[in-house]
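I opened the notebook to record what I looked up, one topic at a time.

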Amino acid sequence: MNRPLRLGVIGLGAISPYYLAAAERLPAWELTAVCDARATTLEEFSGPAARFTDHRVLLAEARPDALVVAVPNDVHLPVCRDALNAGVPVCVEKPLALTAAEGRVLVELARRGGVPLMTAFHRRYNTAVRHLARRIAGREVRSARVRYLERIEEHLGGEDWYLDPARCGGGCLADNGPNALDVVRLLLGDLTVTGCAIERDGRAIDRRAVVRVRGGTGAMASVELDWSYPGELKDVEVELTDGEVLGADMLAGHTAFKGSLWHEYEAILGEFAELVDGRGTAGPGAHGGLHALELVEAAYGCALPAARGVNR
C-alpha cells in the first residue's frame, strides 16, 4: 500500500494516549477517526481526526483500514464483532473478551473472514522481556516466575470499570492475568494451569492471585498478581536446568509512571501494520488472546477458597 493505513481508535481512556502517540510516530499509520461514548472525553480530544460517539457510525462513515479497540473489557465483544463483520482488522486491548466463549466467537469471525485479529499483549514487546527471551532461546528452562504487582487505584486513569467485577471480568486475574500469562507463554510455549489461589475484597474483586502453570516441556511457572501492592513491580525470573538464573525487569530504565508503555505500544502498532497490509504473518502474540482467556478461566475454575489465602 502506497499510502498510510487509516486508523480508527475506539475508546479514549487511560490506554489510548499510548496508541495515539504510536500512531503519530509510525509512518505506516494515519489516525483518521476516534470514538468515545463519553461526550466530554470526546470534546477533549484535540487532534484533526473525525470524532464519533458510536463505533458503528465510525465504521460506516470513516471506513478505516484498521481499528484499535481500547474500551472497557465488557464491551470488547460487541465492538470487535461489529468491526470484524465489516471486514476491518482489529487490535484489541487484553483481554480479548470477558470469557473464552466470547473469545471463540471473535476468533471464528476473524478466521471465516480472513480478517486480522490481534490482542495487545504489550509486555511481550517490552525490551527487557524480549532480551530475556533471546537469551534463553534454545536452552532448557526449569522454572519461571512472573510478578505483576501494582495498586490498581493508581492506574485507573479515571476509569472506575476496573473495580467492577462484572465489567473487568473479576479483578487482577481477569485483567492483568492475560498479560502476565502471555509473558510465560512467550518463554515456555502453550501452558496448562495446575493451580490457583485468589484473595478477594468485600466487593468481590480479586485483589491478589497466584496461578501455577506448566509449559509443554514440563517447566513449571508461577504468576503472581496483586492489585493492592504499594507501588509497582513487574518482573520475570527464569531458572535454567544448568542452574543459571536470568531475569527481566519490565520497568527498568523507565522512570516515568507507566513510562515503559510508550515503546511497547509502538511495537504493537508496528506489528499490527504489517498484519493489516499483508507484509507480515500473525505472530504468537496476534492470536493468543483466546488461549489466555482459557487459562484465566481454568485458573478461576480451580482457585482455592479465599479463606486459604494466597501464598507466593
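Against which strands and helices do the buried residues of helix 4 pack? I had a predicted model to work with, and I began at this helix.

**Helix 4**

I took the partners first. The buried residues of helix 4, which spans residues 76-85, pack against strand 1 (5-10), strand 4 (66-69), strand 5 (90-93) and strand 6 (117-120), and also against helix 3 (55-61) and helix 5. Next I listed the buried residues themselves. They are H76, L77, V79, C80, A83 and L84. I then looked just past the helix. G87 follows helix 4 and has a positive phi, near 80°.

**Cysteines**

C80 was already on my list of buried residues in helix 4, and I looked up its accessibility. The value is 0%, so C80 counts as buried. How far is the sulfur of C80 from the closest cysteine sulfur? I found 9.4 Å, to the sulfur of C91. A disulfide needs the two sulfur atoms within 2.5 Å, and C80 does not form one with C91 because 9.4 Å is too far for a bond.

I went on to C172. The nearest cysteine sulfur belongs to C196 and lies 8.8 Å away, and C172 is in no disulfide. C172 is buried too, with a relative accessible area of 0%. For the whole structure I noted zero disulfides.

**Helix 5 against helix 11**

I turned to helix 5 (residues 100-113) and its packing with helix 11 (residues 289-302). The axes are 9 Å apart, and the angle is about 170°. Is the pair roughly parallel or roughly antiparallel? Helix 5 runs roughly antiparallel to helix 11, because angles over 145 degrees are counted that way. I noted the crossing of helix 5 and helix 11 as left-handed.

Which residues make the contact? From helix 5 I wrote down A100, G103, R104 and V107. From helix 11 I wrote down L290, L293, E294 and E297. I sorted the residues of this contact by type: four are nonpolar, one is polar and three are charged.

I also checked R112, which is found in helix 5. R112 counts as exposed, at 59% relative accessibility. I looked up its separation from D36: 28 Å from C-alpha to C-alpha, with the two positions 76 residues apart in sequence.

**Helix 1 against helix 10**

The next pair was helix 1 (residues 16-25) and helix 10 (residues 261-276). Their axes come within 8 Å and cross at roughly 60°. That makes helix 1 oblique to helix 10. I recorded the crossing of helix 1 and helix 10 as right-handed.

I listed both sides of the contact. Helix 1 brings P17, Y18, Y19, A21, A22, A23 and R25. Helix 10 meets them with L261, W262, Y265, E266 and L269. How do the residues of this contact divide by type? I noted 10 nonpolar, no polar and two charged.

**Backbone entries**

I looked for a cis peptide bond. One joins K94 and P95, with omega about -5°. P95 sits in the loop between strand 5 and helix 5.

I then looked for positive phi outside glycine. R63 has a phi of about 45° and is not a glycine. R63 lies in the loop between helix 3 and strand 4. Is R63 buried or exposed? R63 is exposed, with a relative accessible area of 58%.

A204 went into this entry as well. Its phi is positive, about 70°, although A204 is not a glycine. I placed A204 in the loop between strand 8 (191-200) and strand 9 (206-215). A204 is partly exposed, with a relative accessible area of 44%.

What does A204 touch, leaving out residues up to four places away in sequence? I found P165 and G170. Last, I looked up the separation of A204 and S46. They are 158 residues apart along the chain, and their C-alpha atoms are separated by 38 Å.

How values were computed:
Residues numbered from 1 in each chain as written. Predicted model: local features only at pLDDT ≥ 70, side-chain atom pairs only at ≥ 80, totals over all residues. Heavy atoms only, no water. Buried < 20%, exposed > 50% of the residue type's maximum accessible area, 1.4 Å probe, protein only. Axes fitted to C-alpha atoms, helices over the stretch in contact; angles between N-to-C directions. Helix = DSSP H or I, 4+ residues; strand = E, 2+ residues; numbered from the N terminus. Parallel < 35°, antiparallel > 145°, perpendicular 65-115°, else oblique. Left-handed = near helix turned anticlockwise from the far one by under 90°. Contact = heavy atoms within 4.5 Å. Nonpolar A, V, L, I, M, F, W, Y, C, P; charged D, E, K, R; others polar.
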